[in-house]
Amino acid sequence: MTRFRIIVLSCLVLAVSSAAAQYSDSSDAVVSAKARAIQDSAIVVDTHADTPQRFLDEGFDIGSTDPNDVGHISLDKARRGNLGAEFFSIWVDPETNQGHFARHTFDLIDSVYEQAARHPDRMMMAFSVADIERAHKERKLAALMGIEGGHSIENDMHLLRDYYRLGVRYMTLSWSNTNEWADSSGDINDSNVERHNGLTDFGKQVVLEMNRLGMMVDISHVADKTFWDAIATTKAPVIASHSSARALVDAPRNMTDDMLRAVARNGGVVQVNFYSGFVDQSFRNANESQDKDEKAAVQKYIDSLKAQGKPVNYIEIDRIEREWTAKIPRPPFKSLIDHIDHIAKVAGVDHAGLGSDFDGVSGATPQGMDSAADLPKITQALLDRGYSADDIRKILGGNILRVFRQVEAVSREMQAQSH
C-alpha cells in the first residue's frame with residue numbers, strides 16, 4: 001500500500017469516527033431544526049423532579065458539570081433541553097421520617113432555595129405564572145415546588161398555609177401511602193391499611209383551602225375514589241403532576257380514560273410520567289416479577305443501618321434500586337410518546353403535559369430519555385405524529401401555565417369573597 005493511500009485511508013477513518021462521535025455525543029442528533037425551533041420558542045414546564053433528595057442527602061449541586069453524573073437534572077442539562085420551569089418535588093418518605101414529616105419537608109424546601117441562591121445568574125425561585133415568564137425572559141431556570149404527599153401537613157391547616165407562604169404551589173393529596181384524610185393508590189391491596197373511601201371531610205376542607213390559597217390540587221398517586229371526590233370538591237382545575245394512561249399500562253397510578261375525560265371537563269391537565277414502569281407494560285411485568293427480591297435487598301440495607309444506629313440514606317437506596325432496574329431492558333422511546341398521544345386524544349390536546357419524575361425513578365426511563373437535555377426529542381416525536389407547533393407548545397408547557405393562571409384567578413375570587 002502506497003504512503004498516499006495510507007494517508008487517504010487514515011483521513012477517511014478519522015472523518016467517519018468524528019462523525020460517529022458527533023452523532024452519539026449530541027443530544028440534538030435526532031432532532032430536526034424545525035423541532036428545535038419549536039422547542040426553543042416554548043416555555044417548557046416539567047411538573048415533577050425528585051432532585052431535592054439529591055440536594056439534601058448527596059450534597060448535589062445543580063450547577064454540576066460532571067460528565068459522569070447519572071442524574072436527570074442539572075442547569076446545563078436544563079439549558080440544553082430548553083427546560084424553562086421545574087417543579088421540584090418535596091417528598092418526605094413516610095417510613096424513615098416518622099414523627100417529623102414537617103421538619104423534613106422544611107429541610108427539602110430549604111435545599112431548593114439554597115440551590116437558587118448559589119446560582120442567581122442561572123436559576124431563580126418562582127411562585128407564579130408571572131415569575132415563570134420573567135425567568136424565561138432572563139434565560140433562567142424557574143424553580144418551583146410541589147409537595148408530594150398530604151402527610152407533610154401533619155393534619156394541620158396552619159402547616160398547609162406555611163408551605164404556601166414558602167412557595168409550595170401544588171400538593172399531591174397522597175403519596176403511595178394512605179394518610180389520615182386521603183386514600184392512596186399505592187396501598188390499595190394492603191388489608192392492614194385503614195381506608196376512608198376517598199377523601200374525609202377534613203380532606204375536602206384541605207382541597208378547598210388549597211383553592212383559596214392558590215395551590216394546585218394534584219391527584220397523582222391518589223386512589224380512584226379520592227380522585228372523584230377531589231374533582232367533585234374543587235373549585236379550580238386540578239393537575240395530575242406525574243401520571244400516565246391506564247388504558248396503555250395497567251398501573252393503579254395511571255389514569256383511566258374516564259378520569260382523563262373528567263380532568264378535561266374540570267379544565268385541568270395530566271402531566272405524563274416518564275417512568276418506564278408506567279409507560280411500558282413489558283417493563284412493568286418484568287419489574288413486578290423481581291419486585292419481591294428488590295424490596296428484600298433494600299430492606300436488608302435499611303435493617304443493617306438501623307442495627308448500626310445510622311440514618312437511612314435515600315441515595316444509597318436509589319443505588320440499590322438502580323442495580324435492579326438495570327437488569328430489565330429499557331423500553332423504546334415510542335412508549336412514552338404513546339402515552340402523551342393517548343392523553344392528548346382522549347382528554348384533548350389542551351389537557352396534556354410533561355411530568356417527568358426525573359431523579360425519582362432510579363434511572364428507569366425509556367431509551368433516549370436520559371436527562372432534561374433530551375426533552376427536544378419529545379417535540380420531534382410529536383412533530384412526526386402530525387402535531388402542530390401550537391399544539392406541541394401547549395403540551396410542553398402552555399397547558400400547565402393556563403391551569404396555573406386559572407388556579408391563581410380562583411384564589412383571588414375566593415379571597416375577595418371572604419373579606
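This section describes the surroundings of Asp-359, the packing of helix H10 and the internal cavity in a predicted model.

Asp-359 is located in the loop that connects strand E9 (352-354) to helix H16 (376-384). With a relative accessible area of 5%, Asp-359 falls under the 20% cut-off and is therefore classed as buried. Beyond residues up to four places away in sequence, Asp-359 is in contact with Asp-50, Thr-51, Arg-54, Gly-71, His-72, Ile-73 and Tyr-314. One of these residues, His-72, offers its backbone nitrogen at 2.7 Å from the side chain of Asp-359. Asp-359 and Val-70 are 289 residues apart along the chain, yet their C-alpha atoms are separated by 9.0 Å.

Helix H10 spans residues 257-266, and its buried residues are Met-259, Leu-260, Ala-262, Val-263, Ala-264 and Asn-266. These buried residues pack against two helices, H9 (224-233) and H15 (333-346), and against strand E8 (269-272). After H10 comes Gly-267, which has a positive phi near 90°.

The model contains 1 cavity of 30 Å³ or more. The volume of the largest cavity is about 80 Å³. Its lining comprises 15 residues, of which Ile-219, Val-222, Arg-253, Met-255 and Met-259 are the closest to the centre. Met-259 thus appears both among the buried residues of H10 and among the lining residues closest to the centre of the largest cavity. By class, 7 residues of this lining are nonpolar, 5 are polar and 3 are charged.

Conventions
Residues are numbered from 1 along each chain as its sequence is written. This is a predicted model: local features need pLDDT of at least 70, side-chain atom pairs count only at pLDDT 80 or more; totals for chains, interfaces and linings use all residues. Side-chain values use heavy atoms; hydrogens and water are left out. Helices (H or I, at least four residues) and strands (E, at least two) are DSSP runs, numbered from the N terminus. Buried means under 20% relative accessible area, exposed over 50%, partly exposed in between (1.4 Å probe, protein chains only). Contact means heavy atoms within 4.5 Å. A polar contact is a pair of N or O atoms within 3.5 Å; within protein, one must be able to donate a hydrogen and the other to accept it, and residues adjacent in sequence count only if both atoms are side-chain atoms. On a 1 Å grid over the protein atoms alone, a cavity is a set of points where a 1.4 Å probe fits but cannot get out, and a pocket is an open set with protein on both sides within 12 Å along at least five of seven lines; lining residues have an atom within 4 Å of a point. Grid points are joined across faces, edges and corners, and a volume is the space filled by probe spheres set on the points. Ala, Val, Leu, Ile, Met, Phe, Trp, Tyr, Cys and Pro count as nonpolar, Asp, Glu, Lys and Arg as charged, and the others, Gly among them, as polar.
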